[in-house]
Amino acid sequence: MEGNGHSPENEMNDPGKLFVKTFGCQMNVYDTEKIYAFLQDSYVPAASEEEADVIILNTCSIREKAEQKVYSLLGRIKPLKDVKPNLLIGVGGCVAQQEGERILRRSPAVDIVFGTHNVDELPRLLEERIKFGKRVCRVREDTGTVPTSDAPRVMGSKRATALLTIMKGCDNYCAYCVVPLVRGREASRPAPEILDEAIFLVENGVREITLLGQNVNSYHDPDTGAGFVSLLESMELVPGLERLRFVTSHPKDFSPELAHAMADLSSVCEHIHLPVQAGSDRVLSAMKRGYSSRQYMDKIELLTKLIPEVEFTTDFIVGFPGEKRVDFERTLDMLSVVKYQNAFSFRFSPRPGTAAAAMEDPVDAEVKRPWLPELQNLQNQVTAEKHQNMVGREVEVLVESVDKKKSCFLEGRTRTNYIVHFPGDSALIGQMVQVKLASSRTIHLIGEMVN
Ligand code: SF4
């Protein structure tokens, strides 16, 4: 039997320390919050891997080499067990969902593997490991059930912003994407439960909530059938909620009704992340995105007409199988026309089990190699211009945290998603302040508080 010497009784008196390393998307950021919440009775957050009694790797397999990254990190943290024999290491998230028992076989340092549908079982899995000394793997298939109030509510340090998951999974099967395979079928939470959680968050100091789902536009209350616009209208009525955001919006499901709701509801911020992925209709069709570049632009134009100050961010995939230079140039055109505030851009990499992984690619990888830096350079120029245009303006900023690099500075965001740094006291976290913007940097603006 593999004992590890933990004593649950001791832990009741003296909470251990938990460190969760998060890879990938916002959904994982939310799952990390849930992990801390589920384990809050036994563990307090650790500042580093070195001081932790439990380390959890919350993994993501959307990008290339995800498994290798996890195994190489496991190799790096394994020696910590030599100095702290009771240290427990867990692996969760999408790589765990895909790899399961293989992780235990390949990495003897791992104590627990848990899938994307097993986060709520984590306290029990840790207890099993501690009490019975056996390494545990629990990876449940998607049961298609509606996610319920999925975390014990926790409010650690005072927070101005919070993520709130409204649905799980995705039914779209875009040709390159592994999410439907690892996160399962789409299922929405009942609206009353979401509103309840929003009220709790606001009562605990949160002023801005981001609603989270792989495709929030297809949200449907499982009991009433009411859609996403109706949820936004209900959220608008949550007392004290000043800002509302949502991510991710699939362009094919972004309706004119939603554009009007964004314009009409005062809490909904003037920013939207609308992932275009590519500007060429041929590539969009091969990706199975379900919209053309014209249809995408119609939505951008409607939003700009209804909300003149709206800002857009997006995702790009460069070098999809069969993508030619002429296709890539349509993506550059799209970027120049929309003038995205910012973009996440990636070189295409085949993910196991997806349709794109089986596609032939007659275009030489060497031909495509320079495209990603070309796109990123253009985006950097657009971002820099947009930042420069903001200099001299006075903006409302929700103060979120102390600047990590300069502790006498605070960091916050405008409603339109610009990141602003300015000198100030940490007591202002959670407050709305007016800031006059004085200069711009690559990813943020710098200013001074007014009054
Ligand atoms: S909409 Fe497409 S890209 Fe987004 S999660 Fe679903 S399958 Fe993946």
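Here are some worked exercises on strands, helices and side-chain pairs in this predicted model.

## Exercise 1: The six-stranded sheet

Task: work out the strand order of the open sheet of six strands, and find which strands are its edges.

Solution:

1. Start with the order, which reads E2-E1-E3-E4-E5-E6, with parallel pairing.
2. Now look for strands that pair on one side only: these are E2 (43-45) and E6 (136-138), the edge strands.
3. Next, check how the neighbours are turned. Direction ignored, neighbouring strands of this sheet make an average angle of 20° with each other.
4. Zoom in on one pairing: E3 (residues 54-59) and E4 (residues 88-92) run parallel and are joined by five bridges. Within this pairing, Ile56 stands opposite Gly90 in E4.

## Exercise 2: Helices on the sheet

Task: find which strands helix H3 touches, and which strands helix H7 lies across.

Solution:

1. Take H3 (residues 66-77), which packs on the sheet and touches E1 (16-22), E3 and E4.
2. Compare directions: H3 makes about 165° with E3.
3. Move on to H7 (residues 122-132). This helix lies across E2, E3, E4, E5 (112-114) and E6.
4. For its direction, use E5 as the reference: H7 runs at about 155° to that strand.

## Exercise 3: Strand E19 and its partners

Task: decide whether E17 and E18 run parallel or antiparallel to E19.

Solution:

1. Begin with E17 (residues 419-423). Two bridges join this strand to E19 (residues 445-449), and the two run parallel.
2. Locate a residue pair here: Val420 stands opposite Leu445 in E19.
3. Turn to E18 (residues 432-440), which is antiparallel to E19 and joined to it by five bridges. Here Val435 stands opposite Met449 in E19.
4. Finally, trace the chain from E18 to E19: a hairpin of four residues makes the connection.

## Exercise 4: Salt bridges

Task: for three salt bridges, state which parts of the chain are tied together, and whether the residues are buried or partly exposed.

Solution:

1. Some background helps: side chains of opposite charge can pair when their charged atoms come close. The whole structure holds 31 salt bridges.
2. Consider Lys81 and Asp111, whose side chains meet at 2.7 Å, N to O. Lys81 lies in helix H4 (residues 80-83) and Asp111 in the loop between helix H6 (101-106) and E5, so this pair ties together parts that are 30 residues apart in sequence. Both Lys81 and Asp111 are buried.
3. The second pair is Arg138 with Glu121, with 3.3 Å between the closest N and O atoms. Arg138 belongs to strand E6 and Glu121 to the loop between E5 and H7, so the salt bridge ties together parts 17 residues apart in sequence.
4. Apply the 20% limit for burial. Arg138 has 25% relative accessibility and therefore counts as partly exposed, while Glu121, at 8%, is buried.
5. Look around this pair as well: Glu121, Arg124, Glu128 and Arg138 are linked in a network of salt bridges.
6. The third pair is Arg243 with Glu208, the closest N and O atoms being 3.4 Å apart. Arg243 lies in strand E11 (residues 243-247) and Glu208 in strand E10 (residues 208-212), so the parts tied together are 35 residues apart in sequence. Arg243 is buried at 0%, and Glu208 is buried at 3%.

## Exercise 5: Aromatic pairs

Task: describe the geometry of two aromatic pairs and say where their residues lie.

Solution:

1. The count for the model is five aromatic pairs.
2. One of them is Phe316 with Tyr340, 5.7 Å centre to centre with 85° between the planes. Planes over 60 degrees apart count as edge-to-face, and this pair is edge-to-face.
3. Place the residues: Phe316 is in strand E13 (residues 311-318), and Tyr340 is in the loop between helix H14 (325-338) and strand E14 (342-347), 24 residues apart. Phe316 and Tyr340 are buried.
4. Phe320 and Phe348 form another edge-to-face pair, at 5.2 Å centre to centre and 70° between the planes.
5. Phe320 sits in the loop between E13 and H14, and Phe348 in the loop between E14 and helix H15 (365-368), 28 residues apart.
6. Check burial: Phe320 is buried at 0% relative accessibility, and Phe348 is buried at 15%.

Note on methods. Residues are numbered from 1 along each chain as its sequence is written. This is a predicted model: local features need pLDDT of at least 70, side-chain atom pairs count only at pLDDT 80 or more; totals for chains, interfaces and linings use all residues. Side-chain values use heavy atoms; hydrogens and water are left out. Two strands pair if DSSP finds at least two bridges between them. Axes are lines fitted to C-alpha atoms, for helices over the stretch in contact, and angles run from 0 to 180 degrees between N-to-C directions. Contact means heavy atoms within 4.5 Å. A salt bridge is a side-chain nitrogen of Lys or Arg within 4 Å of a carboxyl oxygen of Asp or Glu. Buried means under 20% relative accessible area, exposed over 50%, partly exposed in between (1.4 Å probe, protein chains only). Rings of Phe, Tyr and Trp (its six-membered ring) pair if their centres lie within 6.5 Å; planes under 30 degrees apart count as stacked, over 60 as edge-to-face and the rest as tilted.
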